[in-house]
Amino acid sequence: MELWGKKTDRGYTVVIGCGRLGANLANTLSDGGGNVLIIDKNKDAFRKLSPSFGGLAVTGDATDLSALREAQINKADVVVAVTNDDNVNIMAAQLAREMFQNRRVIARLYDPERECVYRELGIDTICPAVLSAQEIARILSEPDAAEERVRESSI
Amino acid sequence: MKTKVLLVGGRSKAKSLATSLISKEYQVTAVNNTYEDCMKLAEIDGLTVIHGDGTRPFVLEDAGAGEADIAIALTSKDEDNLVICELCKKEFHIKKTVALLTDPQKTDFFYKMGIDSVVCAISAITGIIEQRAFMDKIATLVPIGEGRVSIAEVPIPGTAPAAGKKLWEIDLPKQVVIGCILRSDTAMVPRGDTRILAGDTLVLISSDRQEMAAIRELTGR
């Protein structure tokens, strides 16, 4: 692809939604040398991107077919849908999967109950509430860990 | 047993659809996210109203989605309607799902995602406006098969170029046939040598949106 100057051997990621998670992810991938395009319908959202962000930022509605086409989503290796609206993420992920034949599609879902919609489509879901709960449970299962750390640092 | 219909979202659309369905003896449940809209809907006799977000499975469960026969998603957001229909289909195994769609470009996508019927309000309305504004001579135009085929009733005035001609003399588009001629109180199925007379009403069956071209050819408008 001419657009990127060099060959796309590092992969091309399309991030949908420039919230805290989307911006953070885009910055990390871009810093790691990946080609990133981030799309959000509100152009003020791009303020969250770091000054060193080397990818493209596109203002547009990710549930709109022409906006997705413009973002060359069909050429993406990975599509990540992380807007703050679950239903937008579902629709964007399904559009990427079904209309643009993207093989790797990841979506963030606040409500894990809606996951059944994705399951048979091969879309990976990430649910912050479930992940947080697991992490908290893990911390709780080793109650002395924090104390030990405090003790260690005081020695 | 009454057919159970689930209406999700939509203010005035849900209201008029619910009224009409209840009068036709359906058992209707409406789900709405806005409390004020719920209060409006609750004024309708015999309608069960659930206040909640219809894109969440437990709200749909409360609304009796498990036993519903038809689910109709009427919200103004395409993504919500998609999720509602997919949940109804996959979680609750509702036989028929209908979604309202704003963006006509996504019609194919919605069908691909397993929604049984997609109604695109914008293309339907612009179609009707076009028809009313430019073709006041057509009595009725009925779209069938998702609008790919339409049946039109076309009155033939004395000034029409088709009046007095035989069918094979008229240069109609390939996708159009004259299915029936209504003459006084009789209906006849025409053949190539049937002559069209002024005062006839023709029933046109056409595909690929060729009805306007055919009507222009027949009536000269």
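1. Let's start with chain B of this predicted model. Its domain assignment splits the chain into domain 1, covering 4–123, and domain 2, covering 135–219. Between the C-alpha centres of these two domains of chain B there are 37 Å.

2. Now for the place where the chains meet. On one side, 16 residues of chain A take part, and they are in contact with 19 residues of chain B. Within chain A, H3 and helix H4 (116–119) each supply at least two residues of the side that touches chain B. H3(A) gives the most, with seven residues.

3. You may like to know the chemical make-up of that surface too. The side of chain A that touches chain B has eight nonpolar residues, along with five charged and three polar ones.

4. One helix pair across the chains is worth a look on your screen. Helix H3 of chain A (residues 86–98) and helix H4 of chain B (residues 78–90) have axes that come within 8 Å and cross at roughly 80 degrees. Angles of 65 to 115 degrees count as roughly perpendicular, and H3(A) and H4(B) are therefore roughly perpendicular to each other.

5. Which residues make this helix contact? From H3(A) they are A:Asn87, A:Val88, A:Ile90 and A:Met91, while H4(B) brings B:Asp78, B:Glu79, B:Asp80, B:Leu82 and B:Val83. Sorted by class, the contact of H3(A) with H4(B) has five nonpolar, three charged and one polar residue.

Conventions: Residues numbered from 1 in each chain as written. Chains lettered and ligands numbered in written order. Predicted model: local features only at pLDDT ≥ 70, side-chain atom pairs only at ≥ 80, totals over all residues. Axes fitted to C-alpha atoms, helices over the stretch in contact; angles between N-to-C directions. Helix = DSSP H or I, 4+ residues; strand = E, 2+ residues; numbered from the N terminus. Parallel < 35°, antiparallel > 145°, perpendicular 65-115°, else oblique. Contact = placed C-beta atoms within 7 Å. Nonpolar A, V, L, I, M, F, W, Y, C, P; charged D, E, K, R; others polar. Domains from an automatic or database assignment.
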